[in-house]
Each structure stands twice: as C-alpha cells, then as structure tokens.
Amino acid sequence: MRYLEITVPKGRRQAVIEILEAEGVDYVVSDETSERGYTAVIRFPLPTRAVEPVLDRLAEAEIDGARVVVIDAEAVISRDFDDLLERYSHGGTGERTSRQVLRTKADELTPAFSTYVAMLVISAVVATAGLLSDSPAIVVGSMVIAPLVGPALAANVGIVTADDHLRTTGFRYQLVGIVIVIGASTVLALLARLAGLEPAGVDIVIVAELEERVSPNLLSLAVALGAGVAGILSLTRGFSEAIVGVMIAAALIPPASAVGITVAWGMDGAAIGAFILVVVNVLSINAAALVTLWIAGYRPQGLFEVSPTRRPTITYAAVFGVALLVLAAPLAGITLLEIRTTQLKSTAEEEVLTAVDGSGYHAGEDSVEVVLNDDYPIRSVDRIVVTVTGRDPGPQPALGDRIYENISAHVSGPLVVEVRYIVAESHGNRTGQRMVVHTTGADP
C-alpha cells in the first residue's frame, strides 16, 4: 500500500478532485497557505497496483508544477479503501511498483561515486585473492560487497521511463566499474607475481576458479540473463535487491578480475577470453533487464511527461541483441568443443577396454584424459592420455598401436595418443610401481 500527497497548483484543484472521486479514492484536502503558487494539499492511500494508473489519469489534468510524494503505508482502515483494494486486486500477478516509484528506487540503489569506487576496489582485491588461491569462498565474498545492482538496473529503468539522467548514470557507472575492477586486479596480480606468490608455477590458468572464466561456454550466459531478470523483478515486485546484487556481481566481478590476472601474467589469449565473458555478461544483464521491464508494461510515460515513443527502447534492445550474437560466437565454439571432448572421452574409454582385453593390462575408471592445448580462449584437443596398469615388465608397443588405431578410427585429422603403463613390480617382500610412457600418433 502507498500513501500519496499531492501539492496542487492554483486552478487545478477541482480537476484533481474529480479524478480521485471517479476512481473511488478516499482523500483529504487541506488548503495551502504558503503563497508559493499552490492552492491545496491532497492526501490519499492507494493500493500499490493502483498508483501508476491513478497518476496516469492525473497526468491528463495537466497539473504542471505539482509536487507528488509517495510513501509506504503500513495499514489503511477504511471501507472505501477496501473497495478500491478489491477492484485493483483482480488480474495481473502480484503487486507492481509504479513507474514513478521505480525511478526513485533505481536511483537510490546507485551509491555515491566515491563509495562506489571504494567498494569496487575492495571487491576486486578480494576476488583476485580468491582466484589466485583457488578459494570459492573468498570469491563469493567479493560478490557480496560489490555495489553493481544499482547501475545495472538504473540504466534500463532510465531507458523505459525516458529518464536520460538515470540512463546515462547507470551506463557510466557500469563502464567505470569494470575498468576499476580490471585495473585493481591487474595491479594486485602483478604484485603477487613479482613476490612469487602464484600457485602451481607459471601456468596460472590451471587454477580451477580461474580456468572456467578464461574459457567460458554458453552456460555462462545463463547466470547473466538470470541476474538481469531477477534484478528487475526484485525492483518491481519488492524482493531483496541485496540477494540479486550478489548474482549480478557473480557474473561480473570474477571474470573482470580474471582479465586483470591474465594480463599480469602476459597471457593474451586467456585475457581475451575473460574479457569476452565480461562484455557478454554486461550485455546479457542489460538486455534481460530491458526486455523484462518492457514485458512488465513499463513505458516512458509519467505524470508530467509527453506521450512516449518506443524507438529508444527498441534501439537499445537491438544493439544489445546484435552485440550478444556476435560475441556469443566464441562461447558457442567453446561449448561445442566441450561437447566433443566429452564424447571423445567416452568413445576412447570404450575402445581402450576393447584394446587391453587379453593383453595383461587393464584400464580402470578415469583411465582416459582428453588434454586440451593452451590456445585460449578457443582451445582444441592436444592429445589423449591413456593409463593402463599391469604386472608385465614394460610397455607393449603393439598394445599402444592398437589403442591408437581404435581411437583414431573415431577422430578426423591428426591425433596424438599417449599411453602410460603403470607396471607393478615385486622386490622380495616389497611391491612397488613404475610408470613408462609410450606416445603414438601424428606429431608426438
């Protein structure tokens, strides 16, 4: 429920009262004696879903110069209000925030610029530390403190309500925010590298938390699209914006930090992959938010505004859509590679079991590994590693050739198969193992 207060300019008092009476609104009128060009102050409660249509009807009264205040109401005890509530409770799905209140909420979610920068720097530092240490808990912590929900939602609320200031502020904050996170992450990663703190040697992208951000697939879009839709629903339906803010930050902070880390390590391909993910996620969040707002019925028409045009919204939606299609192509390539890798692994496991039958060696679970090269972001199969175990004194070239022939029958193009023999040996009362590697195929 909402409680509205309208300060009515001189000459428009009766027009406003007639509209409220036609709507069945229970109102109170007080004379305005401040001699500032106003004639009355009218106060009345409304169901949340009635705010927008009532204010739209008041717009027809041409009350230019009026001041409208909308606040939350805890309870309203009135028979007239109950009738109004019953009338506006039919149709639709739940309460929807009015356009007028929506703009105010979106603006309030955008923090002061200095606070915004400080929180993003802290978030970038935490995210970078989490990625370098391969700690999901720390990475999640960086998402909680990132103030990204406001700018992401404000930009699109500004588009559909024709608020140029809100739209410009939202897009500017998003752009500046991404630059800040990448810059802060690069600096911290450089310091970590110079100090010798990098995990697992120089090949930094073997860290699980980092690898999934430098070679993203199409599933990454689901997080960003879901974040955009959930963000708008939280704004328009009264859900917790804080929880949705974590989801939006999840789509932006870790990938942006991954860009900084890979730049610090001089890994251009990996940095490009992470940056593509950042851009795609930004576009996805904004596109999903814009479409959700439009579907929800928000249009650039307000209490003191001229009739709207759909052109700006359609233009932005088209730009977001085309850019997403172009940038999603690398993600589609990575997704196809992952599907192919899974299929190849399954096929190779079956062929290895067939090849080792009767050889004295056997292949256990996870005996086949498909190894990709380091050409980020779109990688390819580098080799297939097969591990077999037995008690024979050494490798069997014929077995390795048979494994290679069986697997290569399902692969077009060059293929390298590396067979690792785990040989069990007995020395007195002690039993040990040694590994012998045999590589077959093209360009071993």
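Accessible areas in this tour come from the Shrake-Rupley method with a 1.4 Å probe, and for residues only the protein chains shown count as cover. The model is predicted, so that local features need pLDDT of at least 70 and side-chain atom pairs count only at pLDDT 80 or more, while totals for chains, interfaces and linings use all residues. Residues are numbered from 1 along each chain as its sequence is written, and side-chain values use heavy atoms, with hydrogens and water left out.

Begin with the whole protein chain, which exposes about 21,100 Å², 58% of it supplied by carbon and sulfur atoms. Colouring by secondary structure should bring up 14 helices and nine strands, where helices (H or I, at least four residues) and strands (E, at least two) are DSSP runs numbered from the N terminus. Of the 444 residues, 47% count as buried, a term for under 20% relative accessible area, with exposed meaning over 50% and partly exposed lying in between (1.4 Å probe, protein chains only). Among contacts (heavy atoms within 4.5 Å) with a separation of 6 or more, 75% are accounted for by residues 24 or more positions apart.

Next, select T313 in helix 13 (residues 311-356). T313 is buried, because its relative accessible area is 6%. Leaving aside neighbours within four places in sequence, show the residues in contact with T313, which are I159, V160, L290 and W294. The C-alpha atoms of T313 and L290 are 7.8 Å apart in space, and the two residues are 23 apart in sequence.

Move on to two loops. In the loop between helix 5 (113-132) and helix 6 (136-144), pick D134, a residue other than glycine whose phi is positive, near 55°. D134 counts as partly exposed because its relative accessibility is 35%. Then pick A162, in the loop between helix 7 (149-160) and helix 8 (164-194); A162 is not a glycine, although its phi is positive at about 60°. At 47% relative accessibility, A162 counts as partly exposed.

Finish at the surface by selecting D26, D80, D82, D83 and E86, which form a negative patch. Patches are made of residues with over 30% relative accessible area and no salt bridge, like charges being joined within 9 Å and nonpolar side chains (Val, Leu, Ile, Met, Phe, Trp, Tyr) within 5 Å. A salt bridge is a side-chain nitrogen of Lys or Arg within 4 Å of a carboxyl oxygen of Asp or Glu. Within the patch, E86 belongs to helix 3 (residues 79-88) and counts as partly exposed, at 46% relative accessibility.

Methods. Lys and Arg count as positive and Asp and Glu as negative; His and the chain ends are not counted. The place of a charge is taken as NZ of Lys, CZ of Arg, CG of Asp or CD of Glu.
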